[in-house]
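Here is a friendly briefing to read with the model open in your viewer. It goes through side-chain contacts, aromatic rings and surface exposure, topic by topic.

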Amino acid sequence: MIAIVAIGLILTMMGCGKYNGFVEKEGIVEQTWGEVQSAYQRRADLIPNLVNTVKGQADYEKETLESVVKARASATSVNIDASNLNAENMAQFQKAQGQLSGALSRLLLTVERYPDLKANQAFIELQSQLEGTENRIKVARDKYTKAVTGYNIAIRKFPSNFFATIFGFDEKAQFEAQAGAENAPTVEF
């Protein structure tokens, strides 16, 4: 009888320790996801200023500006709650952000045709802020990837996986490289 009580006590203590560890790791995943969203929001907030600066300085292609505005609207409409970071939602988020990245790239490539705009101090400052923001996005994504990896490993290890299943802890989705990311972009002058 004492052996059964001891085993039950050990399993209960192990379960409590594992549960608390999972909660902590899940909290870190949620925090780093918030940092990712914050970095993407900063980029989205810069875009109206960038578009307005470009509009004011150049006889610009309307289609290019509209695609940036439309992609921004699409990207900001996709919100994923940290508790629902599954592969499908992550793919939808990445697709929207990828469309915005592509539209921004087209906008910045088109700017090359406007020397006055490239020399405009407001545009230079916005371009610098956008570059800094892209770096912040990369850092936030890297931190998120590290947190998710630690969490996913913790819930898959034995005997932790037994407790993770009992307590309902599921794997979180990682960022995946976009199609064609392995190919270097073509730069033409």
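A residue counts as buried when its relative accessible area is under 20%, as exposed when that area is over 50%, and as partly exposed in between. T133, with a relative accessibility of 0%, is therefore buried. Please keep in mind that this is a predicted model.

**T133 and its contact**

- T133 is part of helix α5, which covers residues 121–156.
- Although T133 is buried at 0% relative accessibility, its side chain has a partner: a polar contact of 3.0 Å joins it to the side chain of R42.

**Salt bridges**

- As general background, side chains of opposite charge can pair when their charged atoms come close.
- How many salt bridges does the count come to? The count is four, and three of them are described in the points below.
- E35 and K143 meet through their side chains in a salt bridge of 2.8 Å, N to O. This pair links distant parts of the chain, with E35 in helix α1 and K143 in helix α5, 108 residues apart.
- Both partners of that bridge are partly exposed: E35 has a relative accessible area of 26%, and K143 has a relative accessibility of 41%.
- E134 forms a salt bridge with R43, and the closest N and O atoms are 3.1 Å apart. Here too the pair links distant parts of the chain, from E134 in helix α5 to R43 in helix α1, 91 residues apart.
- Is R43 buried or exposed? R43 is buried, because its relative accessibility of 1% is under 20%. Its partner E134 is partly exposed, with a relative accessible area of 32%.
- K138 forms a salt bridge with D142, where the closest N and O atoms are 2.4 Å apart. Both residues lie in helix α5, four residues apart, which is about one turn of the helix.

**D142 and its distance to T32**

- D142 lies in helix α5 and is partly exposed, with a relative accessible area of 41%.
- D142 and T32 are 110 residues apart in sequence, and their C-alpha atoms are 9.3 Å apart in space.

**Aromatic rings**

- In general, a pair of aromatic rings is described by the distance of the centres and the angle of the planes.
- Searching the whole structure gives ten aromatic pairs. One of them is the stacked pair of F163 and F167, with 6.5 Å centre to centre and 20° between the planes.
- Why does that pair count as stacked? The angle of 20° is under the 30 degrees that the term requires, so the pair qualifies.
- F163 and F167 are four residues apart in helix α6, so about one helical turn separates them.
- The two rings belong to residues with contrasting surroundings: F163 is buried, with a relative accessible area of 7%, whereas F167 is partly exposed at 36%.
- Which residues do the ring pairs link into a cluster? The cluster holds Y19, F22, F162, F163, F167 and F169.
- Another ring has a charge for company: the charged end of R141 sits over the ring of F175, 3.9 Å from its centre.

**Nonpolar surface patch**

- Y19, V23, F162, I166 and F167 form a nonpolar patch on the surface, and together they have about 460 Å² of accessible area.
- The elements that give two or more residues to this patch are α1 (2–57) and α6 (160–167). Of the contributors, α6 gives the most, with three residues.
- V23 lies in helix α1. V23 is partly exposed, with a relative accessible area of 37%; patch members need over 30%, so V23 meets that cut-off.
- F167 also passes that cut-off, because its relative accessible area is 36%. F167 is a member of the patch and of the aromatic cluster.

**A cis peptide bond**

- Where is P159 found? P159 is in the loop between α5 and α6.
- The peptide bond that joins F158 and P159 is cis, with omega about 0°.

Key:
Residues are numbered from 1 along each chain as its sequence is written. This is a predicted model: local features need pLDDT of at least 70, side-chain atom pairs count only at pLDDT 80 or more; totals for chains, interfaces and linings use all residues. Side-chain values use heavy atoms; hydrogens and water are left out. Patches are made of residues with over 30% relative accessible area and no salt bridge: like charges are joined within 9 Å, nonpolar side chains (Val, Leu, Ile, Met, Phe, Trp, Tyr) within 5 Å. Accessible areas come from the Shrake-Rupley method with a 1.4 Å probe; for residues, only the protein chains shown count as cover. Buried means under 20% relative accessible area, exposed over 50%, partly exposed in between (1.4 Å probe, protein chains only). Rings of Phe, Tyr and Trp (its six-membered ring) pair if their centres lie within 6.5 Å; planes under 30 degrees apart count as stacked, over 60 as edge-to-face and the rest as tilted. A charge sits over a ring if NZ of Lys or CZ of Arg is within 6 Å of the ring centre and within 35 degrees of the ring normal. A polar contact is a pair of N or O atoms within 3.5 Å; within protein, one must be able to donate a hydrogen and the other to accept it, and residues adjacent in sequence count only if both atoms are side-chain atoms.
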